[in-house]
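Colleague: Could you take me through this model and explain how each label is earned?

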Amino acid sequence: AGSVADVKCGASFNLALLKDGTAVTWGLGEVGELGRKAPPLRDDRGDYQFEDIVRHHLKPAPPELKGGGALPVFKACGTGMWHLFLVAASGADVLTCGLNN
């Protein structure tokens, strides 16, 4: 893992922009704010799935593009309560995910 350049926090998740321009997220990704696939926090009975939470939510990992492919290098990041933004170093693209995105 690279050195951290910036960290932003949402309501129940975190985003770190690393000095090499990559990003990682971790936390409770209930509404897509992690920017990657993560299993539901609860099963059909409403019980928390602690092993899945630790393995897939709380472990820092990079966001993913919906169609697959490589992420660009990022130069800036931001979060709201339930969403995140990553600005590509080129300035041409913004990746956003989370509630209502």
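Modeller: What follows is a short set of questions and answers about a predicted model.

Colleague: Why is I53 called buried?

Modeller: I53, which has its place in helix α1, has a relative accessibility of 8%, and because buried means under 20%, I53 counts as buried.

Colleague: What makes V31 partly exposed?

Modeller: V31 is found in the loop between β3 (23–27) and α1 (50–57), and its relative accessibility is 33%; since partly exposed covers the range between under 20% and over 50%, V31 counts as partly exposed. Together with M81, W82 and L99, V31 also makes a nonpolar surface patch of about 360 Å².

Colleague: How do you know that R55 and D52 form a salt bridge?

Modeller: The closest N and O atoms of R55 and D52 are 3.7 Å apart, and a salt bridge needs such a pair within 4 Å, so the two residues qualify. R55 and D52 are also three residues apart in helix α1, which means that about one helical turn separates them.

Colleague: What makes R45 exposed, and D47 partly exposed?

Modeller: R45 has 68% relative accessibility, and because exposed means over 50%, R45 counts as exposed, whereas D47, at 38%, counts as partly exposed. R45 forms a salt bridge with D47, with their closest N and O atoms 3.1 Å apart, and D43, R45 and D47 are linked in a network of salt bridges.

Methods: Residues are numbered from 1 along each chain as its sequence is written. This is a predicted model: local features need pLDDT of at least 70, side-chain atom pairs count only at pLDDT 80 or more; totals for chains, interfaces and linings use all residues. Side-chain values use heavy atoms; hydrogens and water are left out. Patches are made of residues with over 30% relative accessible area and no salt bridge: like charges are joined within 9 Å, nonpolar side chains (Val, Leu, Ile, Met, Phe, Trp, Tyr) within 5 Å. Accessible areas come from the Shrake-Rupley method with a 1.4 Å probe; for residues, only the protein chains shown count as cover. A salt bridge is a side-chain nitrogen of Lys or Arg within 4 Å of a carboxyl oxygen of Asp or Glu. Helices (H or I, at least four residues) and strands (E, at least two) are DSSP runs, numbered from the N terminus. Buried means under 20% relative accessible area, exposed over 50%, partly exposed in between (1.4 Å probe, protein chains only).
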